[in-house]
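Let's take a relaxed walk through a protein structure. Have the sequence and the 3D view ready, and find each residue as it comes up.

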Amino acid sequence: MRFQILHDIPGRMSLRADVRSMSTEQADILEAWIKTLPGVDRVTVHERTRSVTVFYHGDRRKLCGSLASFTYESAEKSL
C-alpha cells in the first residue's frame, strides 16, 4: 500500500493511506499489523480520514519499507 507522509519528526510519522476509502475492519487490520512491526511503540488509524500516526524508535527507512509492503491479504494471514 502507498502512503503519503504528511508530517515527520524523529519518533513520529503522520501518514495518509493512498486508498479511496477504508472500512473500519480494514483500519483495524492495518493498525494491528503496524503494531507488530519492530520499533513501533504506538499507532492509530482513522478510517474516515485514512490517516495513520505511528510513534516509533529505531530506523525510519526500515519502517517506511515495511509500510510500503503492506497488503490486506498478507496481513490477514499473519495476524
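This report goes from the core to the charged pairs, then to the surface and the loops.

## What you are looking at

Keep in mind that this is a predicted model. Residue numbers start from 1 along the chain, following the sequence as written.

## The nonpolar core

Start on the inside. The largest nonpolar core has 23 residues, and the ones touching the most other members are I34, V52, V54 and L67. Try picking out those four residues in your viewer.

Where do the core residues come from? At least two residues each are supplied by the strands β2 (12-17), β3 (40-46) and β4 (51-56), and by the helices α1, α2 (60-68) and α3. The top contributor is α1, which gives 5 residues to this core.

## Two salt bridges

Now for the charged pairs. Side chains of opposite charge can pair when their charged atoms come close. How many salt bridges does a search of the whole structure find? The search turns up 2.

One of them joins R60 to D8, with 2.5 Å between the closest N and O atoms. This pair links distant parts of the chain, since R60 sits in helix α2 and D8 in strand β1 (residues 3-9), 52 residues apart. Is R60 buried or exposed, or something in between? R60 counts as partly exposed because its relative accessibility is 31%. D8 also gets the label partly exposed, at 32%.

The other salt bridge is between E31 and K35, where the closest N and O atoms are 3.4 Å apart. E31 and K35 are 4 residues apart in helix α1, so about one helical turn separates them. Look at how the two partners are labelled: E31 has 19% relative accessibility and so counts as buried, whereas K35, at 48%, counts as partly exposed. The reason E31 gets its label is that buried means under 20% relative accessible area.

## A negative patch on the surface

Next, turn to the outside. Which residues form the negative surface patch? They are E25, D28, E47, E73 and E76. Two elements give two or more residues to this patch, namely α1 (24-35) and α3 (72-78).

Take E25 as an example from the patch. E25 belongs to helix α1, and its relative accessible area of 55% makes it exposed. That label follows because exposed means over 50%.

## Loops and neighbours in space

Let's finish with a few single residues. R50 is found in the loop between β3 and β4. What is notable about its backbone is a positive phi of about 60°, although R50 is not a glycine. With a relative accessibility of 23%, R50 counts as partly exposed.

T71 is in another loop, the one between α2 and α3. T71 is partly exposed, at 34% relative accessibility. Now find M1: along the chain it is 70 residues from T71, yet the C-alpha atoms of T71 and M1 are separated by 6.1 Å.

K62 lets you try the same exercise in a helix, as this residue lies in α2. K62 counts as exposed because its relative accessibility is 62%. K62 is 24 residues from P38 in sequence, and their C-alpha atoms are 9.1 Å apart in space.

Technical notes: This is a predicted model: local features need pLDDT of at least 70, side-chain atom pairs count only at pLDDT 80 or more; totals for chains, interfaces and linings use all residues. Side-chain values use heavy atoms; hydrogens and water are left out. Patches are made of residues with over 30% relative accessible area and no salt bridge: like charges are joined within 9 Å, nonpolar side chains (Val, Leu, Ile, Met, Phe, Trp, Tyr) within 5 Å. Accessible areas come from the Shrake-Rupley method with a 1.4 Å probe; for residues, only the protein chains shown count as cover. A salt bridge is a side-chain nitrogen of Lys or Arg within 4 Å of a carboxyl oxygen of Asp or Glu. Lys and Arg count as positive and Asp and Glu as negative; His and the chain ends are not counted. The place of a charge is taken as NZ of Lys, CZ of Arg, CG of Asp or CD of Glu. Buried means under 20% relative accessible area, exposed over 50%, partly exposed in between (1.4 Å probe, protein chains only). A nonpolar core is a set of buried Ala, Val, Leu, Ile, Met, Phe, Trp, Tyr and Cys residues joined through side-chain atoms within 4.5 Å.
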